[in-house]
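User: I would like to go through some of the labels used for this model and see what each one rests on. Please set each value against its definition.

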Amino acid sequence: MATVTRVDKRTYSAINPTSIFTSCSFHDSVVLVSYLVLLLSSSTITPSFGVSGVGEESGSYPKILRDEAVARLHQLGRVSDGDGYLERTFMSPAALRAGNLIREWMEDAGLRTWVDCLGNVHGRVEGRNASAEALLMGSHLDTVVDGGKFDGALGIISVLSALKVLKVNGKLGELSRPVEVIAFSDEEGVRYQSTFLGSAAVAGILPVSALKISDKSDVTIEDALKKNSIEITEEHLLQLKYDPKSVWGYVEIHIEQGPVLEWVGFPLAVVKGIAGQTRIKVTMRGSQGHAGTVPMSMRRDPMAAAAEAIYSLESLCKSPQDFLSFDGQCKSFSMESLSASLVCTVGEISTWPSASNVIPGQARSSPHDTVKFDNQPKGDDMGREAVVYEFSNQVYQICDRRSVSCTIDRKHDAGAAICDSELSSKLKSAAYIGLKRMTGAAIEDEIPVLMSGAGHDAMALSHLTKVGMLFVRCRGGVSHSPEEHVLDDDVWASGLAILAFIETQL
């Protein structure tokens, strides 16, 4: 029988909510985010799992769900455009190689595969009734620059491992509905500063105008696709949208990207909802000049303006109550909750010409922001809008005072999404079943229920169908970093949970 190592029992009231943050650092970005509060119904810290001696006879399949899955995660983690670090951006050579590798694994699991005209990789099994509503599952195959090997990849590989187990058992064809796994081509938004390209297309919310968005080399999305022999037109893009009547729901497995599960000593959590987010790009233009000859009083320095704007953003997000006020009509969110949850980050700033002896002529930052989701998505979206509006006003005032011009472009908006209660309940039950198979004993503690401050493809898919998510513990809560790590047994736990969930469709 497997062994379970328990940690000391403490009440959840001992947790400091302000210290429990889910990482949400997107590449090239400003973040207005909401980090979570731990939402657990149990009053005690749950067990830390250490497992040995459990095999196929117990239905735990460690050779497929752990050993092979871990090996594939490491193999995929070596597919990179970077030399010595992991980088896979939309339609890059490494992204294409990763897609081909994932397609091989889909076929190994018994799925029919194809790649759509936005680079999403699909694998599908029809089950007993090909005309029934399909269960969609998956995550993203792209990464940030210098990213980790589990972000996105775990959600693809764990599902494929579970389906492979069903194939080995001869049960894959017994599914009562089709199951389709999708490896989305772009979730991070690194190359084009617009997240969820692949999943937004499937959900039918990607505008045709997005095809004309350019990267830093002035290569449009349309150009990038054509370069890889993929023709895309407005008609093709519209055809990517799934008919809502053909879809039963979407489920995503993802690393937590935060420290809560490690802190409470539990490998899995059900996700209650996902915070909304907005990405904006701020460009400031001044007067380029000689650093040694232009008097300070006569300078139009966009770098200095950008620095002031960054400081203003920090002040706004630390104490929004000092800047925002609402009349009695705004009852859908509270200033207290906004103040407790708001986080802002400028992820990049660039200047031209970037020389030590030159006053720059242009400064540009590419921020993204997200704000707390707290069971009131409309209210939280309103709070996010208020913060973005106030920050924009501050930027314009700074530019006027410093005699520089400025433009603010909204690059991405995603409203807060709440996970479906039925799917969440099924995922919680599946997590119990999976952990019982893993440990050989019943799990008495409550499965944690968390909010997600980070964005996920499930946000886009929520416009198409009901969504559910399962979080997997990651070491130190570190993500978007080469230090990102998931224990082998936690990979196993995620595979067992998703296998138990898929088995409900038998």
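User: What makes helix H13 largely enclosed by the rest of the structure?

Analyst: Of the 16 residues in H13, 14 are buried, so the helix is largely enclosed by the rest of the structure. Buried means under 20% relative accessible area, exposed over 50%, and partly exposed in between, with a 1.4 Å probe and protein chains only. H13 covers residues 488–503; helices are DSSP runs of H or I with at least four residues, strands are runs of E with at least two, and both are numbered from the N terminus. This is a predicted model, in which local features need pLDDT of at least 70 and side-chain atom pairs count only at pLDDT 80 or more, while totals for chains, interfaces and linings use all residues. Residues are numbered from 1 along each chain as its sequence is written, and side-chain values use heavy atoms, with hydrogens and water left out.

User: How do you know that the length of H13 agrees with what a helix should span?

Analyst: The expected span is 1.5 Å times one less than the number of residues. For the 16 residues of H13 that gives 22 Å, and the end C-alpha atoms are 23 Å apart, so the two agree.

User: Why is Cys399 not counted in a disulfide?

Analyst: A disulfide is a pair of cysteine sulfur atoms within 2.5 Å. By this rule the count is 0 disulfides. For Cys399 the nearest cysteine sulfur belongs to Cys406 and is 3.0 Å away, so the pair does not meet the cut-off.

User: Why are Cys399 and Cys419 called buried?

Analyst: Cys399 has 1% relative accessibility, so it counts as buried. Cys419 is buried because its relative accessible area is 9%.

User: What makes strand S8 mostly covered?

Analyst: In S8, residues 268–274, 6 of the 7 residues are buried.

User: How do you know which strands pair with S8?

Analyst: Two strands pair if DSSP finds at least two bridges between them. S8 has 3 bridges to S18 (residues 467–472), in the antiparallel sense, with Ala269 opposite Phe471. To S17 (residues 449–452) there are 4 bridges, in the parallel sense; here Gly273 has Met451 as its bridge partner. To S16 (residues 417–418) there are 2 bridges, in the antiparallel sense, and Gly273 has Ile418 as its partner in that strand. Each of these three strands therefore meets the rule for pairing with S8.
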